[in-house]
Amino acid sequence: MRRLAEEGVPFQLIIAGEPGENPSPAMWRIRETLADRLLHFGFAASREEYARLLRMADIAVSTTRHEFFGIGMVEAMAAGCIPCAPRRYAYPELVPAEHHDLLWEDEAGLMARLRALLTGPLPPREPFRAAARRFGWERVGPMWQEALEALAAGAVPGSAALRLR
């Protein structure tokens with residue numbers, strides 16, 4: 001982000017979340033080096049505040065080195081954010097196939113995609129919202145209910161009664 005700022009690329013930055021047990025020193029330096037572009041840094045005080053921050057954003061970036069599902073990216077996509085994430089972990093399954101060009105392999109790829117997103121037109125947001133909706137409770141809730149009822153009725157895990165669509 002510092003390099004993009006030095007290039008004169010226009011952006012504002014929201015960093016939402018807890019720093020974790022082993023935060024990167026580079027993350028803490030962002031508060032100083034990009035203070036004039038920083039709209040928020042750290043944990044959101046409430047779920048409502050977090051949702052407000054997501055709605056303010058255009059692009060959601062992940063640089064994680066470990067991810068099981070990507071709930072933060074799904075929440076960001078549901079809020080209309082364009083994903084920019086590694087081409088690994090769960091991200092290829094979360095991002096619509098026609099937008100896999102937003103996924104990157106290395107730092108150079110990340111920089112190229114961010115630069116393009118920040119300086120060019122953004123893709124339509126609806127495909128990302130639609131991709132996130134498949135994880136909404138109104139869709140997965142009934143599947144969980146069915147699976148739990150099958151378990152309670154004695155179905156064997158892995159049986160046809162427990163396969164989720």
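From the N terminus on, the elements of the chain run α-β-α-β-α-β-α-β-α-α-α-α. That makes 8 helices and 4 strands. Both kinds of element are DSSP runs, numbered from the N terminus: helices are H or I with at least four residues, strands are E with at least two. The model is predicted: local features need pLDDT of at least 70, side-chain atom pairs count only at pLDDT 80 or more, and totals for chains, interfaces and linings use all residues. Residues are numbered from 1 along each chain as its sequence is written, and side-chain values use heavy atoms, with hydrogens and water left out.

Now the overall form. The C-alpha trace spans about 60 × 35 × 25 Å along its principal axes. The chain has 165 residues, and 35% of them count as buried. Buried means under 20% relative accessible area, exposed means over 50%, and partly exposed lies in between (1.4 Å probe, protein chains only). The chain exposes about 10,300 Å². Carbon and sulfur atoms supply 56% of that area. Accessible areas come from the Shrake-Rupley method with a 1.4 Å probe; for residues, only the protein chains shown count as cover.

Contacts come next. A contact means heavy atoms within 4.5 Å. Take the contacts in the chain with a separation of 6 or more: residues 24 or more positions apart account for 53% of them.

The chain carries 20 positive and 21 negative charges, and their mean positions are 2 Å apart. Lys and Arg count as positive, Asp and Glu as negative; His and the chain ends are not counted. Each charge is placed at NZ of Lys, CZ of Arg, CG of Asp or CD of Glu.

Start the close-up at helix H1, residues 2-6, where Ala5 is found. Ala5 has 18% relative accessibility, so it counts as buried. Leaving aside neighbours within four places in sequence, Ala5 is in contact with Phe11, Leu34 and Arg37. Two of these partners also meet: the charged end of Arg37 sits over the ring of Phe11, 4.4 Å from its centre. For such a placement, NZ of Lys or CZ of Arg must be within 6 Å of the ring centre and within 35 degrees of the ring normal. Ala5 and Thr33 are 28 residues apart in sequence, and their C-alpha atoms are 9.7 Å apart.

Aromatic rings also pair up. The structure holds 2 aromatic pairs. Rings of Phe, Tyr and Trp (its six-membered ring) pair if their centres lie within 6.5 Å; planes under 30 degrees apart count as stacked, over 60 as edge-to-face, and the rest as tilted. Trp28 and Phe41 form a tilted pair, because their planes stand at 50 degrees, with centres 5.6 Å apart. This pair links helix H2 (residues 25-33), home of Trp28, to strand S2 (residues 38-42), home of Phe41. The two residues are 13 positions apart. Trp28 is partly exposed at 32% relative accessibility. Phe41 is partly exposed too, at 23%.

Phe69 and Phe135 form an edge-to-face pair, because their planes stand at 85 degrees; the ring centres are 5.1 Å apart. Here the partners are 66 residues apart. Phe69 lies in the loop between strand S3 (59-61) and helix H4 (71-78), while Phe135 lies in the loop between helix H7 (126-133) and helix H8 (137-152). Phe69 is partly exposed, with a relative accessible area of 33%. Phe135 is partly exposed at 31%.

Three more loop residues round out the tour. Phe43 is in the loop between S2 and helix H3 (47-56). Its relative accessible area is 56%, so Phe43 is exposed. Beyond residues up to four places away in sequence, Phe43 touches Gly17 and Glu18. The C-alpha atoms of Phe43 and Gly17 are separated by 4.3 Å, with their positions 26 residues apart along the chain.

Thr63 sits in the loop between S3 and H4. Not counting residues up to four places away in sequence, Thr63 touches Trp104 and Leu110. Thr63 and Cys84 are 21 residues apart along the chain, and their C-alpha atoms are separated by 8.8 Å.

Tyr89 is in the loop between strand S4 (82-84) and helix H5 (91-94). Tyr89 has a positive phi of about 55 degrees, although it is not a glycine. With a relative accessible area of 30%, Tyr89 is partly exposed.
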